[in-house]
Structure formats: C-alpha cells, structure tokens
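Biologist: Let us walk through this structure together. I will ask, and you will reason your way to each answer.

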Amino acid sequence: VSLPPGFAERCAAVVGPDHVLGARAELEPYATDFWRHTRGEAALVLRPRDTAEVAAVVALAAGHRVPLVPQAGNTGLVGGGVPDASGGQVVLSLARLDRVRAVDPAGDALVAEAGCTLASVQAAAEAADRLFPLSLGSEGTCRIGGNLAANAGGINVIRYGMARDLCLGLEVVLADGRVWNGLRTLRKDNTGYDLKQLFLGSEGTLGVVTAASLRLFPRPRERATLFLGVDSPATAVELLGRARGRFGELVSAFELIVATCVEAAVEHVPGVRFPLAEKAPWYVLAEVAWSLPEGLEAAADAWLEAALEDGLILDATRAQSEAQRAMLWRMREGISEAATRLGAIARHDVAVPVARIPELVERGAAVLREVAPDAYLIPFGHVGDGNLHFNVVLPRDTADLPAVRQRLQTAVFDLVGGLGGSISAEHGIGRAKRAELHARKPALDLELMGRLKAALDPEGILNPGVIV
Ligand SMILES: Cc1cc2nc3c(=O)[nH]c(=O)nc-3n(C[C@H](O)[C@H](O)[C@H](O)COP(=O)(O)OP(=O)(O)OC[C@H]3O[C@@H](n4cnc5c(N)ncnc54)[C@H](O)[C@@H]3O)c2cc1C
C-alpha cells in the first residue's frame, strides 16, 4: 500500500521533516505492542508537537483519506494503538505534546497535554500537595492521552474510579481537523450532552485527545499497606467486606494475587523479597489511606489482629517504612512481566460482580482442565473492583498456540458472560477483542456505537479496525 503522492511532504511541512519517520527501523517500535504480541506495518509515523500541528495533520489525512492510528505511550494490551498489517495506516504519536499547562490547587484541577506520562502528571499533582490517583504498572511509560482514550483502571479504582471518573474536560481534534475545546475544570456543568464522555474510552476511534483537565484529590498523609496470606478467593472477598466495614471509603486498593505470581515476582523482580514467614495459596495486597497525619496504622493493626484471631488470615504484615511499601507495590507491579518467564501467557482482563469472584476462579479452573489440560491459571488483580486478570500459563511448545489461545478465550468469555460479567474490564477492545465484542454485544448496542462512529468520523479515518 502506498500513501497518496505528496502526503508525507505536506505532513513534513507541518511537523518538520525530523518528525516524519519513514525508515523501517524507525517505524518498528511504533508498530509493535508492549508484549510483542501484535506486529503491524506503519506507512509513516508523525510526531506533532502541539494541538495546532495535530489539527493540521488530521486535516491533511482527512483530505487524502489516510487512516490514522493515534498512539500515546504504546502500553495498551489489546493492539489498539498499533497499525494493522496492511501497511497503509499512519501512526499519529502524541508523545511530544508533553506539557503540564496549568495546576489549580484551589480548584483541585490540573491541565495536561496528551503526551505527558502518567508518572509526570502524578508528580505535578504532588508538587502542588495534591494527589492524582490513577496508578498503573505502566505509569512511567503510558501517557495521559492514552489513559483517557483507553479509560484505564489500575489499583486505586475502588476508591477514586477509572480514568473516565478523573476527567473534567478534554481538548480533542475531530476527524475533520477541527479542534473541540472542552477543556473546562467545572465540577458542575449541565449544559446538554456531556460530549467528553464520547471520547473517553473510545480508543482513538472518534477523535484525537490533545489535552485534558483532570481531577485532583487531597494527598494522603498516612497509609497502612497490608500484605496478607489467605486460603482462597472467598476469604479475600470476605476480608474486603470487613475492610470496607472498618475503613469505609479509606480502602484505596485491594488486590488478590495467586501464590505463583508472588513467587515469580520474588524470583524475577530486582529487590523484591517474600515479606511473610508463612506461605499461602493466595495473597491480598491492600492499602488504606487518609489525609490526617496519624491514627490509621494503629487502627489497621487492630483490624489485622481481629482477622488473624478469627482465622481468616494465615499470615500478615504491615509495611513499616516507605521503602517496604514501595517494595510491596513493586512486587505487584512486576507480576505481569515476571509471569512471562513462566511460559506462554493467555491474558483475559475480565470483570464479574465481586461476590462471584470465587465462582469465577473455581469454574475457570474446570474450564481450563477441559480446554487446555497442560495449562495452569495465574489469576491476579483488582478484586475490590471485581476485576481479575484471569491469565493462563501454557507450555511454550504448545502446538498451534494462537488457536489454543482463541479456544481458551472463547471458553473464559462464555463463563464470564454467564456470571453477568464483562469481557474487558479495563484494557479495552482494540483490535484483539473486536470480533468477540461483535459476537457478544446486543445488536442495539452495536448499532448505536456504529451511529456514533459514523457521526464523528464519517470517512472512517480514525483507527479503522478498532472497536467498531
Ligand atoms: C505492565 C503493564 C501494566 C498495566 N496495568 C494496567 C492496569 O493496571 N490498568 C489498566 O487499565 N491498564 C493497564 N495496562 C494497560 C495500559 O498501560 C493502559 O491501557 C494505558 O492506559 C494505555 O496508555 P498508553 O499511553 O500506553 O496508550 P496507547 O497504548 O498508546 O493507546 C491506547 C489506545 O488509546 C488510543 N490513543 C492513545 N492516545 C490517544 C489520544 N491522544 N487520543 C485518542 N486516542 C488515543 C490508541 O489508539 C489505543 O487505541 C498495563 C500495561 C502494562 C504494559
């Protein structure tokens, strides 16, 4: 596939020749996803530096009918930020739009451009004595435009919500190159449809996010970070109820991890050591936090003691220093990478009602025995949100791995559907889950999505092949 004559040169006149990449080696990293599962072919990569340049190249693409793939940090896990294999799609990288435009502590808001890394947004909030609570294992690399386009979740959703809930306004370049300025920081604005919601979670299919106003929160001054060994997911769900009963809205994270994943992190993540005296089949990593300077740690210790006495916890520790806390979270965040050492991974980011998590794990194990008897389950994730990364380790030499992955995915999604759950909790649809979405969503949902796409991107130039 070749681009229309003169397209690359016109783009170079907008962004500068150094920011139009065309050589094979330069294109490769933009066309391959984080885990190297999806490899596409990019026709070009464009790297504009501000909203006006983005608008100009989108207008050029619209004029020439060139399909664009918006890309931020390229850590997405469903292949939505990399081009397809046709060789005709152009990657629009937002990485150079990386300024924090304003911080407003009085209004608890911050305005950041789409290419700011999530870690840099967190740091800008902290410098103003505020918290931006979105937190993911990929936070040093993913970028806020990608987080909002993918409606990312992460470890603090239980308290603060998903990326969608943390966004007050957006600036978006539309498919025809016009700029929609919805960058308000108002908490209250009931003037018709909430247009920003259309773009949040739309994975680059309805518009290109160039900047966002974000909600800030009081910064926690005291935290209790607990690591508990438990016998089963059912006990973890019971402890979640007890934690919420005692600490209410202060429960900021509640993660469930199968022992294999903790062992993999201890072995492969530098500086991580096993924090308990006793081993257990499952572990919970939980955090409670508030903005007063003291009192919470003692309350957390009392809660732990009571749960130990009641026989719900096999062993437990509370982080005694910021270094220990950081180590526990490094363990959690290192799991995805460490688990890749165990074999070929089949990933399923699913959600079910919290109370049905134990059933998901039990029935999932039965499904696995049937579909892939050589494989084993390594579930972990955000149990407080009903969201497990229901991952499976397959032997590396599995014959016809893609077909086995596909069969497994279908079986897991059938199970999740039967439990009243979702086939994508926080990672989105991208290209990887598009067929499953179309096979499982009610026809009316798909029709409404298609109508929105047609209204906002009538020529279909924004991320074709993703979601719709
Ligand atoms: C180790 C690891 C841990 C992770 N943990 C979590 C987790 O806990 N929770 C979670 O939700 N996800 C997690 N992820 C997935 C991923 O990090 C998130 O989906 C993240 O939000 C993607 O951001 P990004 O900047 O990398 O976006 P990209 O991968 O670049 O893009 C993601 C999607 O958004 C679109 N897009 C990107 N930028 C724009 C823009 N400016 N305008 C319009 N569309 C755009 C792309 O086309 C693509 O469809 C993890 C990934 C890794 C590798």
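Modeller: Go ahead, but keep in mind that this is a predicted model. Start with the hairpin of β8 and β9.

Biologist: In which sense do β8 and β9 pair?

Modeller: Strands of a sheet pair through backbone hydrogen bonds, either parallel or antiparallel. Here β8 covers residues 167-173, and β9 covers residues 179-182. They are joined over 4 bridges, and the sense is antiparallel.

Biologist: Which residue in β9 is the bridge partner of Val173?

Modeller: The hairpin has 5 residues between the strands. Among its residues, Gly177 takes a positive phi near 95°. In β9, the partner of Val173 is Val179.

Biologist: Which residues make up the covered face of β9?

Modeller: β9 has two faces, one covered and one uncovered. Val179 and Asn181 sit on the uncovered face. The covered face holds Trp180 and Gly182.

Biologist: Now the open sheet of 3 strands. Which are its edge strands?

Modeller: The order is β16-β21-β18, with antiparallel pairing. An edge strand pairs on one side only. That applies to β16 (344-346) and β18 (376-377).

Biologist: Which residue in β21 stands opposite Leu377?

Modeller: β18 and β21 (residues 392-394) pair over 2 bridges. Their sense is antiparallel. Opposite Leu377, in β21, stands Val392.

Biologist: Arg36 has a positive phi although it is not a glycine. Is Arg36 buried or exposed?

Modeller: Arg36 has a phi of about 60°. Its place is in the loop between α2 (24-31) and β2 (42-46). Its relative accessible area is 52%, and the cut-off for the upper class is over 50%. So Arg36 counts as exposed.

Biologist: Asn74 is not a glycine either, and has a positive phi of about 55°. Is Asn74 buried or exposed?

Modeller: Asn74 lies in the loop between β3 (68-71) and β4 (89-93). Its relative accessibility is 16%, and the lower class takes values under 20%. Therefore Asn74 counts as buried.

Biologist: Next, the ligand. Which residue has a polar side-chain atom 2.6 Å from an oxygen atom of the ligand?

Modeller: There are 35 residues around the ligand. Those that come nearest are Pro70, Ala72, Gly73, Thr75 and Ser138. The 2.6 Å contact is made by the side chain of Ser138.

Biologist: Which residue has a side-chain N or O atom 2.9 Å from a nitrogen atom of the ligand?

Modeller: Take care to separate backbone from side chain. A polar backbone atom of Gly204 is 3.4 Å from a nitrogen atom of the ligand. The side-chain contact at 2.9 Å belongs to Glu426.

Biologist: Which element gives the most to the lining of the second largest pocket?

Modeller: That pocket has a volume of about 820 Å³. Of its 35 lining residues, the closest to the centre are Ile429, Leu437, Lys441, Met449 and Ile467. Elements that give two or more residues are α7 (196-199), α13 (401-418), α14 (434-440) and α15 (443-456). With 5 residues, the top contributor is α15.

Biologist: Last, the largest cavity. How many charged residues are in its lining?

Modeller: About 60 Å³ of space lies in this cavity. β14 supplies the largest share of the lining, 3 residues. The lining includes Phe247, Val251 and Glu287. By class, there are 9 nonpolar and no polar residues, and the charged count is 1.

Note on methods. Residues are numbered from 1 along each chain as its sequence is written. This is a predicted model: local features need pLDDT of at least 70, side-chain atom pairs count only at pLDDT 80 or more; totals for chains, interfaces and linings use all residues. Side-chain values use heavy atoms; hydrogens and water are left out. Buried means under 20% relative accessible area, exposed over 50%, partly exposed in between (1.4 Å probe, protein chains only). Two strands pair if DSSP finds at least two bridges between them. On a 1 Å grid over the protein atoms alone, a cavity is a set of points where a 1.4 Å probe fits but cannot get out, and a pocket is an open set with protein on both sides within 12 Å along at least five of seven lines; lining residues have an atom within 4 Å of a point. Grid points are joined across faces, edges and corners, and a volume is the space filled by probe spheres set on the points. A residue is near a molecule or strand if one of its heavy atoms lies within 4 Å of it. A polar contact is a pair of N or O atoms within 3.5 Å; within protein, one must be able to donate a hydrogen and the other to accept it, and residues adjacent in sequence count only if both atoms are side-chain atoms. Ala, Val, Leu, Ile, Met, Phe, Trp, Tyr, Cys and Pro count as nonpolar, Asp, Glu, Lys and Arg as charged, and the others, Gly among them, as polar.
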